[in-house]
Amino acid sequence: MATIVSRREFLKSMGLVGGLALSSVIVAACGGGSAPAATSAPAAAPVTLDIASKGEELVYDKNTLEAPANSKITLNLKNNSTALSHNWVLCKPGTADTVATDGMAAGDTKNYLKDNDANVIAHLPLIKPGQTGSVTFNAPAPGAYPFECTFPGHNALMKGTLTIK
Ligand code: CO
């Protein structure tokens, strides 16, 4: 409003405050002000996804997960093993094998994840036996995204797909 008032005062001082001049100033100001709201998508309700490892098997208890577009996703991974560590890594489409290979090279101290891996959308570090880890991230664009455990030897079976609708 400060801008409108100052423009109005300015125009008044110039003797230009007629109906036409003033309304065009207001239209311009309103158009500029409403633009950001129109371009930001409405946020969907937050979503919680639960996944777990299945005993001592090298699998998750589900291989499909789903969430709506524009949601904030919290993923909980419960490690039900008594001996094995697992992580959970969400990858860009088509990059799961590369992420696992790069993760193996990075090693245990890096949670089997390459530093700042551009192919990784969200991830949990290695979760120890019996523990639960959580990660919160914004849903990527609608599509199908592979997730996997990058602990060496696990990703062949310990994997699935997160679908964003
Ligand atoms: Co694993």
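Trainee: Which loop holds Y112?
Mentor: Keep in mind as we go that this model is predicted. Helix α3 covers 96-106 and strand β5 covers 120-127. Y112 is found in the loop between α3 and β5.

Trainee: What is the sign of phi at Y112?
Mentor: Let's start from the usual case: most residues other than glycine have a negative phi. Y112 is not a glycine, yet its phi is about 55 degrees. The sign at Y112 is positive.

Trainee: Is Y112 buried or exposed?
Mentor: Count the C-beta atoms around the residue; 20 or more others within 10 Å make it buried. Y112 has 26 other C-beta atoms within 10 Å, so Y112 is buried.

Trainee: And N116, is that residue buried or exposed?
Mentor: N116 also lies in the loop between α3 and β5, and N116 too has a positive phi, near 50 degrees. For the surroundings, the cut-off to remember is that 12 or fewer other C-beta atoms within 10 Å make a residue exposed. N116 has 6 of them, so N116 is exposed.

Trainee: Which strands form the edges of the sheet with 5 strands?
Mentor: Good one to trace by eye! The strand order in this open, mixed sheet is β2-β8-β7-β4-β5. An edge strand here pairs on one side only, and that holds for β2 (64-67) and β5.

Trainee: Which residue of β5 stands opposite H86?
Mentor: Look at strand β4, residues 86-91, which pairs with β5 over 5 bridges. The two strands pair in the antiparallel sense. Opposite H86, in β5, stands I127.

Trainee: How many residues does the largest nonpolar core have?
Mentor: Several elements contribute: β2, β3, β4, α3, β5 and β7 each supply at least two residues of this core. Among the residues with the most contacts inside the core are W88, L90, Y145 and F147. The size of the largest nonpolar core is 26 residues.

Trainee: Which residues does Y145 touch, leaving out those up to four places away in sequence?
Mentor: Y145 is one of the residues with the most contacts inside the largest nonpolar core. With residues up to four places away left out, the residues touched by Y145 are L90, C91, P93, I121, P140, T161, L162 and I164.

Trainee: Which residues make up the covered face of β3?
Mentor: In a regular strand the side chains alternate between the two faces of the sheet. On β3, the uncovered face has K72, T74, N76 and K78. The covered face has I73, L75 and L77.

Trainee: What is the strand order in the sheet with 3 strands?
Mentor: Work through the pairs in turn. Strand β1 (residues 47-52) runs parallel to β3, with 6 bridges between them, while β3 and β6 (residues 132-138) pair in the antiparallel sense over 7 bridges. The edge strands are β1 and β6, and the order is β1-β3-β6.

Trainee: Which residue of β6 is the bridge partner of L77?
Mentor: L77 belongs to the covered face of β3. Towards β1, I51 stands opposite L77, just as L49 stands opposite L75. In β6, the bridge partner of L77 is G133.

Key
Residues are numbered from 1 along each chain as its sequence is written. This is a predicted model: local features need pLDDT of at least 70, side-chain atom pairs count only at pLDDT 80 or more; totals for chains, interfaces and linings use all residues. Helices (H or I, at least four residues) and strands (E, at least two) are DSSP runs, numbered from the N terminus. Two strands pair if DSSP finds at least two bridges between them. A nonpolar core is a set of buried Ala, Val, Leu, Ile, Met, Phe, Trp, Tyr and Cys residues joined through C-beta atoms within 7 Å. Two residues are in contact if their C-beta atoms, placed from the backbone, lie within 7 Å.
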